[in-house]
Amino acid sequence: MPLTSTTAPPFVTVLVRGLLAGLIAGLLAGAFAYVAGEPHVEAAIAIEEAATHAEPAVGGHDHEDALVSRTGQRGGLFLATSLFGAAMGGLLATAYVLLSRRRRTYDDGRSGLLLAGAALLGAVIVPFLKYPANPPAVGDPATINQRTVTYLLMVVLGLVAVWAGSLGYRAVGGTAPTWQRAAAATGGFLLVAVVSYVVMPSFQEVPEDFPAALLWDFRLASLGTQVVLWTGIGLLFAALMHHDLRRRTATALPGT
């Protein structure tokens, strides 16, 4: 039986735990991206540079060097993932507190783990299946703004799909068998997700001569980085909240 308490922890306490969980998970995700993703980025950049140098210089100008060196980009990878992780951990903690106010008791952090799973499904996996990540050598610069907007919109629609699944689960009623509630949740989620896939535009910008294995490996590494991030946030946040609840429960017991 999970520990419960009628006393809610202060929002600042929950927020700090979310930020800490996100920061640590971000560093773990950065390490995964460095090990699993950087070799594929290097290979994609090599392909892009080979194609660039094969083209004649326009107007007699040489091709410009990158503003940030690859060494600087590698170092910035950990900074970016840690800051992004901390921000996502803060959002997760805020959502945890807002949803907890609708209940009379506060669980041991399993709600935070479920929220992290919902974010992974709605904000990462659903958009990824429609708009998978592309390495540096892939993509038309002229469509970057359109692709950014549509991706962000797909993130919103993915979260709406998760919300629709949650509504379907609750709409069946608590007395219904578990399989019926699961079926209703799956149906609500798939309805929004499939409609979103059909309505949203597609972009086919991968060159025909681009190595398929490299593209696939890069996309798997990108998805894996997000999986490590959100799994880490969920597990760490749940562990911190469980520890906090055990401490508060022990303090509240008579004779302690």
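Hi everyone, let's start with one residue: Phe189 is found in helix 5. Before going on, please keep in mind that this is a predicted model.

Is Phe189 buried or exposed? Phe189 has a relative accessibility of 16%, so it counts as buried, since the cut-off for buried is under 20%. And which residues does Phe189 touch, leaving out those up to four places away in sequence? They are Leu121, Val126, Ala161, Val162, Ala164 and Gly165. You can also find Gly158 from here: 31 residues separate Phe189 and Gly158 along the chain, yet their C-alpha atoms are 8.7 Å apart.

Now let's follow those contacts over to helix 4, which covers residues 144-171. How far apart should the ends of this helix be? Helix 4 has 28 residues, and at 1.5 Å a residue the expected span is 40 Å. The end C-alpha atoms are indeed 40 Å apart, so the two values agree.

Some residues of helix 4 are buried, and here they are: Thr150, Met154, Val155, Gly158, Ala161, Val162, Ala164, Gly165 and Gly168. What covers them? The cover includes helix 3, residues 110-130, and helix 5. If you look just past the end of helix 4, you will meet Gly173, which has a positive phi of about 105°.

Back to helix 5, where I'd like to show you three more residues.

Take Ser196, which has its place in helix 5. Ser196 counts as buried because its relative accessibility is 6%. Leaving out residues up to four places away in sequence, Ser196 touches Met154 and Leu157. Met154 was in our list of buried residues of helix 4, too.

Then there is Arg181, another residue found in helix 5. Arg181 has a relative accessible area of 18%, so this residue is buried. A polar atom of the Arg181 side chain lies 3.4 Å from the backbone oxygen of Tyr169.

For a contrast, look at Val199, also in helix 5, which runs over residues 178-199. Val199 is exposed, because its relative accessible area is 61%, and the cut-off for exposed is over 50%. Val199 helps make a nonpolar surface patch of about 570 Å², together with Leu190, Leu191, Val194, Val195 and Val198.

Let's hop to another part of the chain. Arg74 lies in helix 2, residues 70-100. With 25% relative accessibility, Arg74 counts as partly exposed. What does Arg74 touch, again leaving out residues up to four places away? The answer is Tyr34, Glu38 and Glu42. Tyr34 is 40 residues from Arg74 along the chain, while their C-alpha atoms are separated by 7.5 Å.

Finally, let's step back to the whole protein. How many helices and strands are there? There are six helices and zero strands, so by the DSSP runs used here, helices are what you meet as you walk along from the N terminus. Of its 256 residues, 36% count as buried. The accessible surface comes to about 15100 Å², and carbon and sulfur atoms account for 68% of that.

One last number links back to our pairs of residues. Take the contacts between residues at least 6 apart in sequence: 86% of these join residues at least 24 apart. Phe189 with Leu121 is one of the contacts you can look up yourselves. Thanks for listening!

Notes: Residues numbered from 1 in each chain as written. Predicted model: local features only at pLDDT ≥ 70, side-chain atom pairs only at ≥ 80, totals over all residues. Heavy atoms only, no water. Helix = DSSP H or I, 4+ residues; strand = E, 2+ residues; numbered from the N terminus. Buried < 20%, exposed > 50% of the residue type's maximum accessible area, 1.4 Å probe, protein only. Contact = heavy atoms within 4.5 Å. Patch = residues over 30% accessible without salt bridge, like charges linked within 9 Å, V, L, I, M, F, W, Y side chains within 5 Å. Areas by Shrake-Rupley, 256 points an atom, 1.4 Å probe, with all protein chains shown as cover. Salt bridge = Lys/Arg side-chain N within 4 Å of Asp/Glu carboxyl O. Polar contact = N/O pair within 3.5 Å; in protein donor to acceptor, adjacent residues only side chain to side chain. Expected span 1.5 Å × (residues − 1).
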